[in-house]
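Welcome! Take a moment with the sequence and the 3D view, and then we can go through some questions together.

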Amino acid sequence: MAGFGQGSRGHPRSRGRTWSRTGPDRATLAVVGVICAVAGFFVLGIVLGPVAIVCGWLAMGRSWAGSRPVPAVVALVLGIIDTVLAALWLIGAASPGYGMF
């Protein structure tokens, strides 16, 4: 039985248990970013655009240097376009002469 301060496992964060952000995690983030960016063109672009930007940036490894996976760059670029278009749409919707009056 484990006492106070003594875990039943020696070191829970040993070398074999830590995950690196090199394999499927980055690929999954890139695909999620692309899906969010494409969905953002149809609904909630002001929310899904920044989500796609963050997912793309994390999938690229938070760096511009080195090789970049194509889906990560696509997620980043589409997220930026999506956010800009949604912001322009909101500005246009808030301008006078649009809507009921």
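Q: How much area does the chain expose, and what share of it do carbon and sulfur atoms supply?
A: This is a predicted model, where local features need pLDDT of at least 70 and side-chain atom pairs count only at pLDDT 80 or more, while totals for chains, interfaces and linings use all residues. Residues are numbered from 1 along each chain as its sequence is written, and side-chain values use heavy atoms, leaving out hydrogens and water. Accessible areas come from the Shrake-Rupley method with a 1.4 Å probe, and for residues only the protein chains shown count as cover. The chain exposes about 7,700 Å², and the share from carbon and sulfur atoms is 69%.

Q: What pattern does the chain follow along the sequence?
A: Helices (H or I, at least four residues) and strands (E, at least two) are DSSP runs, numbered from the N terminus. The chain has 3 helices and 0 strands. Read along the sequence, the pattern is α-α-α.

Q: Is Leu 48 buried or exposed?
A: Leu 48 sits in helix H2, which spans residues 45-59. Buried means under 20% relative accessible area, exposed over 50%, and partly exposed in between (1.4 Å probe, protein chains only). Because its relative accessibility is 19%, Leu 48 counts as buried.

Q: Which residues does Thr 83 touch, not counting those up to four places away in sequence?
A: Thr 83 belongs to helix H3, residues 70-94. Contact means heavy atoms within 4.5 Å. By that rule, Thr 83 touches Gly 45, Ile 46, Gly 49, Pro 50 and Ile 53.
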